[in-house]
Amino acid sequence: MGWLMLVTILLFWLGNKLYKELPILLFVPVFFAVSGSILFLWIFDFTFDQYFKENEAITFFLGPSVVALGVLLFKQVRNVKKNLTPLVLSIGGGTLISVFSVMVFTLVFQLPDDLSASLVPISITTPVAIDVAKGLGGDPGITSVVVIAIGIFGNMCAPWILHKLGIIESEELGVGIGTGSHGIGTARAIRIHEKAGLYSGLAMAINAVITVFLAPIIWGLFH
Amino acid sequence: MMKTQLKKIGEFSVGLLLLLTFFFVGKGIAGLLPFSIPGSVIGMILIFTALSLKIIKLKWIEAASMVLLGLMGLFFVPYGVGIIDAWYLVESWGLYIILIAVLTSVATFAISGTLFKLLKKR
């Protein structure tokens, strides 16, 4: 533990404040804190290793917060009992498409293995994506930045894209947004409709679990 | 006033302790498995099961869980900063990464949303 941890916390807190005043992309708290910390390290000449070590008390809580996702899942599953099987099948379909799409593209573009491993879990929530990428030999830095970027993309564009495809009802909108763009997308789904938020949150949690089991298997098929 | 606040702090502490316990048990199990599954996800499945089987009560862990979920963004900031160590990969493959990310997420939105539209019971 060290004082570089304060840099992260202060920037995140400041991002939150600013975003509430002026909701623009630059002030999205995670984005603001990541770019702010990078700038800080660069100006004051700290290495990433030192920064990461001093921030271990923060990253430690990622694990317990994934466990907390199970609590959210429990709270929400009770509300969708009759649709649980269709829900799991639809999300599973999304998981398969997501992982296969990344694998096929990385093969076509001939991306190096460590890069493609970093991209395999891009549609799931960041803390789990980091673990999946590490397990396959990827780089957690690339994974987290791409996953956050996709979340922001989904937050801004997913409802519009789904509308264009004729998906307009809250339930299926939520499933689409949550399966493709995890928690950051879910934040938008909640604002569309409470029900969309519920389905999006469920999709995020279920997609994470399915990907954890599927990703290593599909990765194995391609190697 | 004092009393309710103390009660809230107590509830939060018990909840956090339970979440940590499930996390470490999950990690322990993950270490014993022959394949790689994150311990946190095992902990998540275990806590879901324990709640479903009424081994633990929702009110014991609800407050702590919501606090952690609300702060999740903060917890992965240091990993995001890690992009500076992998910048060489982004520099040479950036365009491909953006292409893959956009196409993959659009396909994922479309497939999962459409499947649920077709499969859901009304």
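The exercises below work through helices, contacts and backbone angles in a predicted model with chains A and B.

**Exercise 1. Helix 10 of chain A**

Determine what span a straight helix of 23 residues would have, set this beside the span of helix 10 of chain A, and locate the bend in that helix.

*Solution.* Begin with the expectation: at 1.5 Å a residue, a straight helix of 23 residues would span 33 Å. Next take the end C-alpha atoms of helix 10 of chain A, residues 170–192, which are separated by only 8 Å. Then look along the helix for a change of direction, which is found at A:H182, where helix 10 of chain A bends by about 145 degrees. Finally consider the surroundings of this helix, which is mostly covered, with 18 of its 23 residues buried.

**Exercise 2. Helix 2 of chain B**

Apply the span test to helix 2 of chain B, then state which of its residues are buried and what covers them.

*Solution.* Helix 2 of chain B has 14 residues, for which 20 Å is expected at 1.5 Å a residue, and the distance from its first C-alpha to its last is close to that value, at 20 Å. The buried residues of this helix are B:G39, B:S40, B:V41, B:I42, B:G43, B:M44, B:I47, B:F48 and B:L51. Their cover includes elements of both chains, namely helix 5, helix 8 (126–136) and helix 11 (194–221) of chain A, together with helix 1 and helix 3 of chain B.

One of the buried residues can be followed in detail. B:I42, which lies in helix 2 of chain B, counts as buried because it has 24 C-beta neighbours inside 10 Å, where 20 or more are required. When residues up to four places away in sequence are not counted, B:I42 touches B:G26, B:I29, B:A30 and B:I37. Between B:I42 and B:I55, which are 13 residues apart along the chain, the C-alpha separation is 17 Å.

**Exercise 3. The contact between the chains**

Describe the side of chain B that touches chain A, by its number of residues, its elements and its composition.

*Solution.* Start with the count: 66 residues of chain B are in contact with 87 residues of chain A. On the side belonging to chain B, the elements that give two or more residues are helix 1 (2–32), helix 2 (39–52), helix 3 (58–75), helix 4 (77–81) and helix 5 (87–119). Of these, helix 5 of chain B gives the most, with 24 residues. Sorted by type, the residues on this side of chain B comprise 45 nonpolar, 16 polar and five charged.

A single residue of chain A gives a local example. A:L89 is placed in helix 6 of chain A, residues 84–108, and, leaving aside neighbours within four places in sequence, it is in contact with B:L115 and B:L119. A:L89 is partly exposed, with 15 other C-beta atoms within 10 Å.

**Exercise 4. A pair of helices across the two chains**

Find how helix 5 of chain A and helix 1 of chain B are oriented to each other, and which residues meet.

*Solution.* The axes of helix 5 (residues 62–77) of chain A and helix 1 of chain B come within 9 Å and cross at roughly 100 degrees. Angles of 65 to 115 degrees count as roughly perpendicular, and the two helices are therefore roughly perpendicular to each other. From helix 5 of chain A, the residues A:G63, A:P64, A:V67 and A:A68 meet B:L19, B:L20, B:F22, B:F23 and B:G26 of helix 1 of chain B. The residues of this contact divide into seven nonpolar, two polar and no charged.

**Exercise 5. Two positive phi angles**

For A:D45 and B:K54, give the value of phi, the place in the chain and the exposure.

*Solution.* Recall first that most residues other than glycine have a negative phi. In A:D45, phi is positive, near 60 degrees, in a residue other than glycine. This residue is in the loop between helix 2 (29–43) and helix 3 (48–54) of chain A, and it is exposed, with 6 other C-beta atoms within 10 Å. In B:K54, phi is likewise positive and near 60 degrees. The loop that holds B:K54 runs between helix 2 and helix 3 of chain B, and the residue follows helix 2 of that chain. B:K54 is exposed, since 8 other C-beta atoms lie within 10 Å and the limit for exposed residues is 12 or fewer.

Conventions:
Residues are numbered from 1 along each chain as its sequence is written. Chains are lettered from A and ligands numbered from 1 in the order in which they are written. This is a predicted model: local features need pLDDT of at least 70, side-chain atom pairs count only at pLDDT 80 or more; totals for chains, interfaces and linings use all residues. Helices (H or I, at least four residues) and strands (E, at least two) are DSSP runs, numbered from the N terminus. The expected span of a helix is 1.5 Å times one less than its number of residues. The bend at a residue is the angle between axes fitted to the seven residues ending there and the seven starting there. Two residues are in contact if their C-beta atoms, placed from the backbone, lie within 7 Å. Ala, Val, Leu, Ile, Met, Phe, Trp, Tyr, Cys and Pro count as nonpolar, Asp, Glu, Lys and Arg as charged, and the others, Gly among them, as polar. Axes are lines fitted to C-alpha atoms, for helices over the stretch in contact, and angles run from 0 to 180 degrees between N-to-C directions. Angles under 35 degrees count as roughly parallel, over 145 as roughly antiparallel, 65 to 115 as roughly perpendicular and the rest as oblique.
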